[in-house]
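Trainee: I have a structure to go through. Can we check how its labels are earned?

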Amino acid sequence: MSRPVRRRHWVRLDNASNIFPATRSDRDPKVFRMSAELDHEVDPALLQEALEETFERFPLYHAVLRRGVFWYYLQDSDLHPVVEEETLPSCAAIYQPDRRTLLFRVVHHRRRISLEIFHALSDGTGALWFLTDLLAGYSRRRFPEEVPPRPAAEVEARPGAAERPDPPLAAVGTHPGAQAAEEVHELTTDSFAHYFRRRRRPLDPEQDAHQEEFSREAAPAVLTVQEADEPLPEEEPVAPADPAAPGPARRRIHRVRGTRTPDHRTRIIELTMPARPVLGLAKAEGVALTMYLTALFFEAIRRSEAGEPDARRAHGAPTMAASVPVNLRQFFPSTSARNFFATIRVEHTYGHGDDSPGAVARGLQEHFSAEATPEALEQKLQKLIRVERMALARIVPRPVKDRLLSVINYANNRRLTVAISNLGRVTLPEPAESHVGRMLFHVSAVRPQFCAISHDGQLTLSFTAPFVQTAHVREYAALLTEAGIEVTVSAARVSEDELLEFGT
């Protein structure tokens, strides 16, 4: 008797994910890492048990990435993850086109548990849901006597517990987008297609009004991934016309240069500090934390390069530009663990007024606050979806699309000084909350980048770059110290001389 053949379910990559497999390389494997430091040595056996439990609750993480003629797609698999002791460099490549592997790994080293993910699978919010459940499952096993009573229904309501499609069908009616969202096929839905794909208007006006109301309400605050008082960044600001200023064609975006690491591994430096006084500095300037940290980065770049001869300065005042991802779940409710974000670009041109960090931060804040609305984001993303779904775009073979996306990605990188990502303050369920100290977050980098995350009253900024030089991070730490912030520096995979340079 022949064995029944199991049908493999699949879903196409969403709008935000297509860029990652097309542009991955040895220099930039498109991997990011989240870590948690415990107050004890990790027990690998208990961590494996917790991983198996969490893995079963996240069908998305069962997927492997496959290549089709016209697109990439996620396909479910029978593979199972295995906890490993950390031996590879941070953010080492995960996806390999010639191998069928899961798109994430869980590693441990002494007191640290780390989750690494290929970015085509999930974004920072979705990964944080997975890591939160993993830490919760591990802590329940390690400290069973500290587990507080909790109704089973509360567990099932957590994002990722069953990876419900977004939003529930009863909440938005029966329009085609909602029906498509219910077709999850053991993988989670594409929130981009649900919210931003052009679709027919419902025949019932009351249903249309209810749909509009749902699309504007805030997502449930199940897990804090951003400071509550921090608004979202906006699209690229348009500066007021200045006859004396160079025109847009002559504007020079400042890019950090340096000597690349010999083996292409990412250089990582972590700055840890108390979160409350840094938030106080941002609030004193009347800005969100992300914009304050961005302004400090711009100033650190200026300081680190102030004494260097640079012929490019003759071409006019430099413009610093930053890319900031926006968690779309804050405006468009979704429990999907897949990528659901938009990337926003902000900038400041020096030499045309007050260039102090506080003034720069206020300028960035003023610019993006004007555009931080669901309407602006929706309009932008609908345009991207329409381009993706054009008939010509559909019939172009995937290798040609990959080449085009690589060219676009290269051009976009040349228009950036730094990329930024801030996950905000994280709260874990007990007993994990009591046994986890610092949490960390960083990404592989083709350009300088920094990521922010806070837990247990500690804010950690992780700076990554493909270069061996670290002067801009040293200046960043100096700026914080001058402002009265106590900063601890940790530099990974650097020589003794480099550690002494930071005074550690």
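## Labels and their cut-offs

Mentor: Start with R398 and D402: both are buried. This is a predicted model, where local features need pLDDT of at least 70, side-chain atom pairs count only at pLDDT 80 or more, and totals for chains, interfaces and linings use all residues. Residues are numbered from 1 along each chain as its sequence is written, and side-chain values use heavy atoms, with hydrogens and water left out.

Trainee: What makes the contact of R398 and D402 a salt bridge?

Mentor: The term asks for a side-chain nitrogen of Lys or Arg within 4 Å of a carboxyl oxygen of Asp or Glu. Here the N to O distance is 3.2 Å, so the pair qualifies. Both residues lie in helix 14 (residues 398-414), four residues apart, about one turn of the helix. Helices here are DSSP runs of H or I with at least four residues, strands are runs of E with at least two, and numbering goes from the N terminus.

Trainee: Which residues are joined into one network by salt bridges that share partners?

Mentor: R33, E86, R105 and E116. Within it, R105 and E116 have their closest N and O atoms 2.6 Å apart. R105 sits in strand 6 (residues 104-109) and E116 in strand 7 (residues 112-118), eleven residues apart.

Trainee: Why is E116 called buried?

Mentor: Buried means under 20% relative accessible area, exposed means over 50%, and partly exposed is in between (1.4 Å probe, protein chains only). E116 has 2%, so the label buried fits. R105, at 18%, is also under the cut-off and therefore buried.

Trainee: Why are E285 and R362 called partly exposed?

Mentor: E285 has a relative accessible area of 27%, and R362 has 37%. Both values fall between the two cut-offs, so both are partly exposed. Their side chains form a salt bridge at 2.4 Å, N to O. E285 lies in the loop between helix 9 (275-284) and helix 10 (289-304), and R362 in helix 11 (residues 357-371), so the pair ties together parts 77 residues apart in sequence.

Trainee: How many salt bridges does a search of the whole structure find?

Mentor: 19.

Trainee: How do you know that L392 is exposed?

Mentor: L392 has a relative accessible area of 58%, which is over the cut-off, so exposed is the right word. L392 is found in helix 13 (residues 391-395).
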